[in-house]
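Hi,

Here is the structure I said I would pass on. Have a look, and my notes follow underneath.

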There are 2 protein chains.
Amino acid sequence: MKWDDFLQRSGEWLKGNGPDGDVVVSTRVRLARNLSRFPFLTVANPETRSQIEQYVRGRLQEAFPTRDFQYLSLMRMPMIDRQLLFERHLVSREHAVGEGERGVAINSDETLSIMVNEEDHLRLQAMRSGLQLDLTWEGVDQADTELEKRLSYAFHPRFGYLTACPTNVGTGMRVSVMLHLPAAVISKQMDKVLQTLARLNYTVRGLNGEGTSPVGDLFQISNQATLGKSEQDILSEMRKVVPEVLKFERSWRHKLLHDEPRKVEDKVWRAYGILKHARTISSEETIELLSALRLGVHLGLLSHVPMAAVNELFVFTQPSHLQKIEGKALDPEQRDVVRAEFIRKRLP
Amino acid sequence: MKWDDFLQRSGEWLKGNGPDGDVVVSTRVRLARNLSRFPFLTVANPETRSQIEQYVRGRLQEAFPTRDFQYLSLMRMPMIDRQLLFERHLVSREHAVGEGERGVAINSDETLSIMVNEEDHLRLQAMRSGLQLDLTWEGVDQADTELEKRLSYAFHPRFGYLTACPTNVGTGMRVSVMLHLPAAVISKQMDKVLQTLARLNYTVRGLNGEGTSPVGDLFQISNQATLGKSEQDILSEMRKVVPEVLKFERSWRHKLLHDEPRKVEDKVWRAYGILKHARTISSEETIELLSALRLGVHLGLLSHVPMAAVNELFVFTQPSHLQKIEGKALDPEQRDVVRAEFIRKRLP
């Protein structure tokens, strides 16, 4: 796989054609796994860490031998490339900026990525467009089964899978859905949503995962507890909670469009006008405006703009993507200019 | 003259092709005159006021008998039409909203308007595109000469023309130039300009004359003193002062474009993007954005937009113009929607 591939294509989750795609951007399921015959990374020295990486990489190549699957080693990878993997949601921020031997295996439609030596020895992640809890779960579960044939996982009969951080012990599973809730935000209903989710033990994060605050009306909600619950428990809770949030957001969109159609149209078209004409634009403003565009497309206000174009702009306007596209390092000011140019060219 | 004419055409001063049009929107010269055989309006009862109107109207029709010249009586005119004359800069706000018998004579390219029974019995006003002090003065002076053949003005050999308000005694002349100073505003240099003008005894007002604060980087500067100075004194002072302000504004435009070309381009193109796509827009925001567009056209950044289109939008997006175009009364919210629609259609 060449780096150019990342710039020519986009992951399946960016296609924007998944079920309930008006509100759910993507579904993600990740499993944390550790090997029984190696110490946790928290206590492993560089040499052990290197051995783990080498060993897991070998098993990954046996389990996924096709050309469709690529293994990338991160330790000697330039920062800009690691950052691109993060912007692509294929590795965590910690994995991108971290140190020591580590890597990631990725399939070509980016529905599956397996991080090696992140916080745990293995982090398996499946991701899909829209609300696809079952399909996404099956994707990561299959990969897990394939690997389990070749690896001995640290597993405790009572506690379940053992993990570096106690919050992940049990199933080691985290299910996340990225929700686009512009109507709830515009109508100042988000506090209500956030309180309800907190009471139900769900964590809410921003677009770029842990430690990021919400921008562009995008909220990533995920289960907190992994201990004492089966994978199916976690999924079936999600199956109940997410539709409630969808219903809420949709009713507020309906209300907005009914009560203040001009206000909504205006917000959407102004966002379009700025994106289509600005000569310099920050990453944050881009996300805010794309959020309005996304709403507009789903409300049928911007019929000439395909959803995939909007979703791709969310990803391709990030710093590393822009620099890879330009083929050179750019300071923040230059990036703002290149970003504006890129958007003008790509937005129909 | 039908009202439709006002919506089909625009005044000469809106053509935007006058000298120094990059900074000077228009030049205006007005003369205040009163009749010797009637009392000032401040002490005239309605009957006298009516006699004055009738008398002056007769002399106006003798002096300007062509079809090119029209006399409009304001007392029984609907408010929206009076407001349109004000938006057109053909009558003052006071004349539009006032009471009692009064009128205005207007020629077809709107370079000359003569208000009857405003503050004084007569207010003659000539207006032209760009910086045209001499031509504008000649326009109003010729009209004054024509009228003086038929009217006996209140004139005192020592004080000059007598006026209702002592500030106008003498020549009764006020020369105003409407300046567009966006670079001075962006570069936070306006305080300096305003202080200098105040020291030189010039008054600075907003787009819509007396009592309005500057919007859209538009500043109307005019002479304060009329007593003890000849018409030529006032004009020759203007001839010295205005070019200094032009030089200042131009040097800041040059500096802006040199130091921060992206910032200027971005400001101009964002304004264009919003005007071209908004679905509802206030009058004030429109003026601010048109101001950026005007700068862009003169800096050569928006080559496909003719100056006349921008100047016309300044006038045609005002409340009465919009309502006359739509042919019905509109509340402010409806106007904002119609305004946005009108701009999208008219802006190339």
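**Strand pairing and the core**

In chain A, Arg28(A) has Met127(A) of S5(A) as its bridge partner. Keep in mind that this is a predicted model. That pair belongs to a longer run: S1(A) and strand S5 (residues 122–129) of chain A are antiparallel and joined by eight bridges. S1(A) also pairs with strand S8 (residues 173–180) of chain A, again antiparallel, over seven bridges. There, Ser26(A) sits opposite Met178(A). How much of S1(A), residues 24–33, is buried? 10 of its 10 residues are.

Over in chain B, I followed the sheet as a whole. Eight strands make an open sheet in the order S2-S3-S4-S5-S1-S8-S10-S9, with antiparallel pairing. The edges are strand S2 (69–73) and strand S9 (202–205) of chain B; each has a single partner strand, so one side of each has no neighbour in the sheet. On average, neighbouring strands in this sheet are turned by 20° against each other, ignoring direction.

For S9(B), the partner is strand S10 (residues 218–223) of chain B, antiparallel over four bridges. Tyr202(B) stands opposite Asn223(B) there. Helix H8 (residues 231–259) of chain B lies across S1, S8, S9 and S10 of that chain, at about 10° to S8(B).

Last, the core. The largest nonpolar core has 84 residues, and Leu293(A) and Leu293(B) touch the most other members. Beyond its neighbours within four places in sequence, Leu293(A) is in contact with Val268(A), Ala271(A), Tyr272(A), Leu275(A), Leu302(A), Val310(A) and Leu347(A).

Cheers

How values were computed:
Residues are numbered from 1 along each chain as its sequence is written. Chains are lettered from A and ligands numbered from 1 in the order in which they are written. This is a predicted model: local features need pLDDT of at least 70, side-chain atom pairs count only at pLDDT 80 or more; totals for chains, interfaces and linings use all residues. Side-chain values use heavy atoms; hydrogens and water are left out. A nonpolar core is a set of buried Ala, Val, Leu, Ile, Met, Phe, Trp, Tyr and Cys residues joined through side-chain atoms within 4.5 Å. Buried means under 20% relative accessible area, exposed over 50%, partly exposed in between (1.4 Å probe, protein chains only). Contact means heavy atoms within 4.5 Å. Helices (H or I, at least four residues) and strands (E, at least two) are DSSP runs, numbered from the N terminus. Two strands pair if DSSP finds at least two bridges between them. Axes are lines fitted to C-alpha atoms, for helices over the stretch in contact, and angles run from 0 to 180 degrees between N-to-C directions.
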